[in-house]
Amino acid sequence: MTVTLTTAGPLHPDGGAEGTYDVTVVGAGVVGAAVARELARHRLRTALIDAADDIGDGTSKANTAILHTGFDAVPGSLEARLVREGRDLLAAYATETGIPVERVGALLVAWDEDQLAALPGLRDKAARNGYHASRIIDAEELRAREPHLGPGALGALDVPDESIICPWTTPLAFATQAVRGGVHLHLNCRVLDITTDADTHTLTTSRGPLRTRFLVNAAGLHADEVDRLLGHDVFTVTPRRGQLVVFDKLARPLVSHILLPVPGPAGKGVLVAPTVFGNVLLGPTAEELDDKTATGSTADGIRFLREKGRRIVPALLDEEVTAVYAGLRAATGQEDYRIQEYPGLRYVAVGGIRSTGLTASMAIGRHVMELLTAVGLDPGEPHDLPPLTMPGLGEAFTRPYRDAALIAGDPAYGTLVCHCEQVSLGEIRDALASTIPPHSPDGLRRRTRARGGRCQGFYCGAAVRALFEEERP
Amino acid sequence: MTGKAREVDVLIVGAGPAGLAAGAELAAAGAGRVEILEREQEAGGIPRHCHHGGFGGRVDRSAYAWASATGSTYARRGTTGPSYARRSVAAAAAAGAALRTGVTATGWAGPRTLETTGPAGLERITARAVILATGARERPRGARLIPGTRPPGVYTTGELQQAVHLYGQRIGTRAVVVGDEPVSHAAAATLHAAGVHLVAVVTDRTAPALRLRNPRVPLLTGATVTELMGRTRLSGVALRHDDGRTTTLRCDTVVLTGDFVPDHELARRGGILLDPGTRGPAYDAAHRTSLPGVFAVGNLLHAVEHAGYAAQEGRAVAVPVLHRLAGTEEPAGGGRRIVVDAPLRWIAPNVTGPDGTRPQGDRFVLRTERRLPRPLLVVSQDGRELHRQRLRAAAVPGRPFHLPADWADRVDRDGTAVRITAR
Ligand SMILES: Cc1cc2nc3c(=O)[nH]c(=O)nc-3n(C[C@H](O)[C@H](O)[C@H](O)COP(=O)(O)OP(=O)(O)OC[C@H]3O[C@@H](n4cnc5c(N)ncnc54)[C@H](O)[C@@H]3O)c2cc1C
Ligand SMILES: Cc1cc2nc3c(=O)[nH]c(=O)nc-3n(C[C@H](O)[C@H](O)[C@H](O)COP(=O)(O)OP(=O)(O)OC[C@H]3O[C@@H](n4cnc5c(N)ncnc54)[C@H](O)[C@@H]3O)c2cc1C
């Protein structure tokens with residue numbers, strides 16, 4: 001296994017006609033990484049490039065981390081299909097690789113008569129989306145299942161298969177398998193311009209030129225700009241910000257399910273959900289912006305969420321807040337993904353992967369693979385990728401600090417560095433030496449949870465930074 | 001989880017000033033096997049990284065030397081934090097307490113049985129008496145709900161002190177300190193030691209809490225942090241002043257100080273009742289929590305007090321613990337809750353003591369939400385006034401003040417909660 005991961009200097013794809021890649025995927029978010037993993041199953045020279053210094057550093061790092069059933073998708077849409085397929089693929093993949101996933105189920109809570117009246121319609125819509133397990137429960141059953149719910153809930157639609165998943169391990173698993181399978185990962189590599197001739201694209205990147213026969217645009221919020229570099233003017237991405245509040249682990253017993261609002265004209269609304277790290281999430285907001293870098297939280301956003309949260313689970317508001325963050329959905333003004341193949345150009349655009357991209361990622365990967373074939377790529381026979389085991393970050397599973405056998409084999413797993421998240425020296429050491437090591441303490445946090453807990457570094461911040469800096473060249 | 005099961009007489013969680021003092025006292029008193037667990041590699045607690053002086057000076061009723069010593073210099077009284085920590089560790093060891101560092105109490109397997117993790121593996125330790133001394137932390141940015149982006153360069157004092165004093169890390173070049181508590185001045189001193197230019201100390205209070213201020217530290221009062229800015233690094237802090245003006249301070253470092261919250265997770269996971277004001281375990285003058293045989297001491301009880309005070313509590317817990325071990329403990333359950341009305345924030349202890357037990361120094365500690373010039377404190381129970389007293393000095397936020405415990409023996413054991421009001 002040779003792994004090619006570069007973060008600086010010019011790009012030199014080894015071998016190939018004058019150093020040309022067969023396929024290049026622009027954007028190493030969860031979608032681009034899933035595409036790259038799919039490509040890794042074929043004997044192709046593939047590059048995965050990203051402007052950031054880490055994979056999954058865009059929208060993919062900041063979402064609500066729900067593995068959707070797709071019960072409420074627009075029936076017949078591409079999104080509905082890919083979410084449905086992606087869910088099954090990712091659920092299976094998660095079990096296989098150790099990505100934390102928990103099938104906690106969702107309850108769409110009706111707070112007034114109108115919402116209650118909307119539940120049968122939602123159940124029927126779910127059925128049209130091929131999801132038949134949802135059912136309506138009354139106020140009494142709802143209260144029995146969620147005793148901390150605020151007063152006034154009238155009933156709910158029970159969606160037993162909605163799950164929660166780790167948003168950080170997922171793209172990391174894809175990208176790790178891809179690079180171990182031979183895909184070249186180039187970070188700090190922003191595409192600035194593209195020129196195209198009969199059989200190659202030449203990408204001008206912040207690290208010099210890169211030549212490729214086929215091109216996949218999975219640039220998330222910037223997919224429209226990359227698309228324009230190829231002469232198109234089909235869609236425009238407008239960021240829709242979602243702010244979220246993460247509550248302390250001590251709040252976790254307050255919530256058993258993903259508590260969804262009944263969708264109204266204003267979109268999906270604010271939810272309360274457990275996380276696989278054992279916290280509780282409140283959010284997101286939905287704010288139309290024009291700045292693709294506006295990932296900050298705002299006083300108004302936080303106030304709005306706290307008001308909503310107080311209604312849903314009043315006791316939640318007495319708990320300590322661990323973090324506040326925001327992500328940007330890539331809205332395009334169309335209620336569906338914008339995945340488009342261009343045969344003459346040997347190009348596939350993967351745009352508008354708004355609020356379900358984590359769930360659909362693997363299905364998008366497969367779909368893009370088919371489209372690449374349709375635009376002329378001959379991928380040859382696929383082969384299986386070597387199995388992968390990801391570090392277990394999930395609170396519902398045996399974490400290293402509770403694993404007697406693991407500690408007996410290596411005491412570093414019993415040496416805790418981050419006390420709030422109970423992250424051991426062994427896990428931090430492993431992450432720093434992993435196939436795709438972190439390039440910042442934040443990257444380390446996404447791989448281990450270190451420094452991501454309630455004290456946010458009061459106890460361990462300096463120690464974690466010291467470990468990180470020791471490893472840096 | 002499987003683990004070795006063991007038994008000890010007294011198990012102390014946390015080797016800060018409070019836990020170490022409790023261990024020293026109990027081991028010296030012949031309490032049997034006294035074991036202190038510390039999750040850090042080194043014992044000593046917070047003082048390990050407080051490189052200013054002001055530790056362990058004369059500690060008595062003026063349990064407040066720390067705050068008043070935080071003027072332009074910290075080194076006026078007592079010794080430095082690290083040497084204080086070393087001394088406390090040595091005293092506990094010399095008395096015969098078993099100190100185990102790098103071992104974390106992760107949860108409970110029974111009423112007085114703790115689960116632990118360490119490099120040597122997992123254990124379940126059952127004790128005849130458990131003392132929680134897990135300390136307190138400063139609320140970080142998220143918990144304070146400060147909006148904005150999430151760039152590097154945002155610290156609490158705890159992290160800053162460790163970065164500078166334990167790891168010699170580079171901080172930034174221009175810093176803003178948020179808060180006006182004694183610890184804010186410790187942060188300013190640490191920044192100074194690290195060669196960082198202090199742009200300003202910012203407090204939302206209109207009058208500075210500290211009498212002794214460092215004239216070289218620019219203090220902005222009546223200003224609230226409304227946003228943190230910057231991407232790859234903090235670039236500024238936006239403020240709103242009480243009169244509505246807004247400003248942005250350009251800086252690459254911000255230190256969020258004070259606003260302490262007890263590290264009560266272990267206590268809560270054990271089902272111990274918390275006091276809504278302090279957010280630490282509800283406890284009486286004998287340091288008993290709602291769980292029989294489980295005691296609590298130090299900053300876990302009331303967030304931040306000076307180290308000497310925490311150590312004093314550690315020593316004080318020895319007597320009730322020895323009673324417990326000897327089977328002569330007052331039965332629990334006789335204590336009444338003590339509650340405060342706004343603008344008071346909390347009182348500690350917040351349960352009345354078993355008969356005859358007065359709190360440390362014969363007085364209760366209180367905090368207020370806003371400044372009260374010479375407050376009149378009234379203690380009552382079920383409408384019956386137990387005590388009334390006008391304090392001689394002002395009560396200010398962020399600093400403890402005290403109420404003598406003279407009234408404690410007038411509490412009706414069959415009554416409801418005791419209520420404290422201030423005017
Ligand atoms: C608030 C919120 C909640 C969400 N909740 C869920 C949920 O519960 N479940 C779910 O399934 N989905 C959810 N989503 C959606 C999901 O997060 C996204 O669909 C998904 O992360 C999109 O992945 P991506 O790879 O397309 O984009 P990104 O992760 O943004 O990746 C795009 C990458 O392209 C790179 N890039 C951009 N331009 C260039 C360039 N010119 N050159 C090189 N690289 C470039 C970027 O650096 C970035 O890393 C949510 C989204 C948000 C915002
Ligand atoms: C920045 C700063 C400056 C200060 N300056 C001064 C000063 O100048 N003078 C002064 O007198 N006081 C000062 N203080 C206050 C003083 O440090 C504290 O009052 C004192 O440390 C409190 O002692 P403690 O034992 O209650 O808690 P801590 O010192 O916080 O010790 C608690 C210990 O418990 C351990 N622990 C927690 N949970 C677990 C667990 N589950 N398992 C194992 N171990 C655990 C922690 O690692 C820690 O070592 C300062 C405090 C701060 C934060």
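In this predicted model, A:Arg446 lies in helix α11 of chain A, which spans residues 441-448. A:Arg446 has a relative accessible area of 7% and is therefore buried, the cut-off for that class being under 20%. Setting aside neighbours within four places in sequence, the residues in contact with A:Arg446 are A:Asp54, A:Ile55, A:Gly56, A:Asp57, A:Lys61, A:Trp168 and A:Leu393. A:Val179 is 267 residues away from A:Arg446 along the chain, and the C-alpha atoms of the two are separated by 19 Å.

Two of the residues that touch A:Arg446, A:Asp57 and A:Lys61, also pair with each other. Their side chains form a salt bridge in which the closest N and O atoms are 3.2 Å apart. A:Asp57 is partly exposed at 25% relative accessibility, and A:Lys61 is partly exposed at 32%.

**Helices α10 and α2 of chain A**

Helix α11 also takes part in the packing around helix α10 of chain A. Helix α10 covers residues 425-432, and its buried residues are A:Gly426, A:Glu427, A:Ile428, A:Ala431 and A:Leu432. These pack against strands β22 (416-418) and β23 (423-424) and against helices α11 and α12, all in chain A.

Helix α2 of chain A runs from residue 78 to residue 97 and has 20 residues. From first C-alpha to last, α2(A) reaches 27 Å, close to the 28 Å expected at 1.5 Å a residue. The buried residues of α2(A) include A:Leu78, A:Ala80, A:Leu82, A:Val83, A:Leu90 and A:Ala91. Among the buried residues are also A:Glu79, A:Arg87, A:Tyr93 and A:Thr97. After the helix comes A:Gly98, which has a positive phi near 90 degrees.

**The interface between chains A and B**

The size of an interface is often given as the accessible area lost when the parts come together. Between chain A and chain B this area is about 3700 Å², and carbon and sulfur atoms give 50% of it. A:Glu320, A:Phe458 and A:Tyr459 supply 21% of the area that chain A buries against chain B, more than any other three residues. In terms of contacts, 44 residues of chain A meet 46 residues of chain B.

The two chains share 7 salt bridges. One pair is A:Glu320 with B:Arg139, whose closest N and O atoms are 2.7 Å apart. Polar contacts between the chains number 19 residue pairs, with both residues at pLDDT 80 or more. On the side of chain A that touches chain B, the elements giving two or more residues are α7 (299-312), β19 (321-331), α9 (404-409) and α12 (461-471). Of these, α12(A) gives the most, with 6 residues. Helix α12 is thus named twice here, as it also packs against the buried residues of α10(A). By class, this side of chain A has 19 nonpolar, 13 polar and 12 charged residues.

**Salt bridges**

Over all chains, the structure holds 60 salt bridges. Some of them are listed below.

| Residue pair | Closest N to O distance |
|---|---|
| A:Asp57 and A:Lys61 | 3.2 Å |
| A:Glu141 and A:Arg135 | 2.7 Å |
| B:Arg337 and B:Asp275 | 3.3 Å |
| A:Glu320 and B:Arg139 | 2.7 Å |

In the pair from chain A formed by A:Glu141 and A:Arg135, A:Glu141 is partly exposed at 27% relative accessibility. A:Arg135 is partly exposed at 38%.

The side chains of B:Arg337 and B:Asp275 meet in a salt bridge of 3.3 Å, N to O. This pair links distant parts of chain B, 62 residues apart. B:Arg337 sits in the loop between α9 (318-326) and β18 (338-340), and B:Asp275 in the loop between α6 (265-269) and β17 (294-296). B:Arg337 is partly exposed, with a relative accessible area of 26%, whereas B:Asp275 is buried at 6%. Elsewhere in chain B, salt bridges with shared partners join B:Lys4, B:Arg6, B:Arg33, B:Glu35, B:Arg100 and B:Glu123 into one network.

**A buried loop residue in chain B**

B:Thr203 belongs to the loop between β10 (197-202) and β11 (219-220) of chain B. With a relative accessible area of 3%, B:Thr203 is buried. Beyond four places in sequence, B:Thr203 touches B:Gly179 and B:Asp180, along with B:Leu219, B:Leu220, B:Thr221, B:Gly222 and B:Ala223.

Notes
Residues numbered from 1 in each chain as written. Chains lettered and ligands numbered in written order. Predicted model: local features only at pLDDT ≥ 70, side-chain atom pairs only at ≥ 80, totals over all residues. Heavy atoms only, no water. Helix = DSSP H or I, 4+ residues; strand = E, 2+ residues; numbered from the N terminus. Buried < 20%, exposed > 50% of the residue type's maximum accessible area, 1.4 Å probe, protein only. Contact = heavy atoms within 4.5 Å. Expected span 1.5 Å × (residues − 1). Buried area = accessible area lost by both parts, 1.4 Å probe. Salt bridge = Lys/Arg side-chain N within 4 Å of Asp/Glu carboxyl O. Polar contact = N/O pair within 3.5 Å; in protein donor to acceptor, adjacent residues only side chain to side chain. Nonpolar A, V, L, I, M, F, W, Y, C, P; charged D, E, K, R; others polar.
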